[in-house]
Amino acid sequence: MSAWAHLLDFGVVHPLIFLECRGGEGPILETLAVIIDDCDFGAIEIAPIKDPNLRLKAQALLAQSQLQIVYLPILPVLLERLELGSANGDLRIAAVTRLKVLIDEAIEMGCVMAMVQGPLDPGLDRRAAATDRLVEDLQELCDYATGQSRKRQLFLTLENFDREIEKKRLIGPTIEAASLADAVDRRNFGLTVDLSHLGLLKETADYALLTAGRHLIHAHLGNCVTEHQDSALYGDFHPRFGHPLGRNDLPEVTEFLKQLDAVHFWEGARKRLGSTPIVSMELRPVPGEDSPAAVLANGKRTFRRAWAGARL
């Protein structure tokens, strides 16, 4: 048994390791099998699958694996430019309608949670109104998920991003994400804190995790580039740990795990979710380093060493 299995399920964001699957197409079944066959992983995060027949096959394959599944509507939100909380009523309705379909898919897949994000930042003078609309939309989606959930409650989790560097989303600083979660005020709504975003937000692990507080239900381990503005990787592009332009490596992952323990994440998330908490690595092949297998191994080795160093 993995040394961490008593506290968490270690997961991987499948459509970043295998970028050809990011849009819900490509060699999904073949690449899912790489994760399923690796017993170090207790969870997997998957992109919505476009083909209904392929989705059913993936559902059957994952059901055999006993992996926990996180669904990623966050990718269609990004790729299809869906705008929850939009000032444009038609765009707002379209975004909520699309996300309800994705929530149905997540429930059918047996997912424990579905990840969402806020809209693009409309600017300082419009943020308050946009946030109010986003709260209303998230409440509607949470209530919809509760009404549709059958065997298990589907949770929605929001990931906050940078506001100024690359993703430029409405919900940036973790303190604003926590305030948003307070306002949404739904039992099945929480927050994801991503190590790779902390450098972009100019936040430390202890600050972000403490600030997320009782809303923290999920975590990501990743890398980012903050100091090389001329690089194609500048921003939130998740190169491997130890990349020469990147910010995060073994010391940062070790500290993040220590701080998750310090804020009692394992107990708090388990109580909220009713299942084992998930910490997933979010890494991708980048130009010049195009081997998914090498990136996968990099993330696993780094996590193993960090876990040993954190002495949890």
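1. In this predicted model, Arg304 and Asp40 form a salt bridge (a side-chain nitrogen of Lys or Arg within 4 Å of a carboxyl oxygen of Asp or Glu), and their closest N and O atoms lie 2.7 Å apart. The pair links distant parts of the chain, 264 residues apart, with Arg304 in helix α12 (residues 292-310) and Asp40 in the loop between α2 (28-36) and β2 (43-46); helices (H or I, at least four residues) and strands (E, at least two) are DSSP runs, numbered from the N terminus.

2. The two partners sit in unlike surroundings: Asp40 is buried, at 11% relative accessible area, whereas Arg304 is partly exposed, at 43%. Here buried means under 20% relative accessible area, exposed over 50%, and partly exposed in between (1.4 Å probe, protein chains only).

3. A salt bridge also joins Glu105 to Arg55, at 3.4 Å from N to O. This pair, too, links distant parts of the chain, since Glu105 belongs to helix α5 (residues 89-109) and Arg55 to helix α3 (residues 52-65), 50 residues apart. Both Glu105 and Arg55 are buried.

4. Glu166 and Lys167 meet through their side chains in a salt bridge of 2.9 Å, N to O. Glu166 is partly exposed at 23% relative accessibility, while Lys167 is buried at 12%.

5. Through salt bridges that share partners, Asp38, Asp40, Lys300 and Arg304 are joined into one network. The count of salt bridges comes to 17.

6. Local features need pLDDT of at least 70 and side-chain atom pairs count only at pLDDT 80 or more, while totals for chains, interfaces and linings use all residues. Residues are numbered from 1 along each chain as its sequence is written, and side-chain values use heavy atoms, with hydrogens and water left out.
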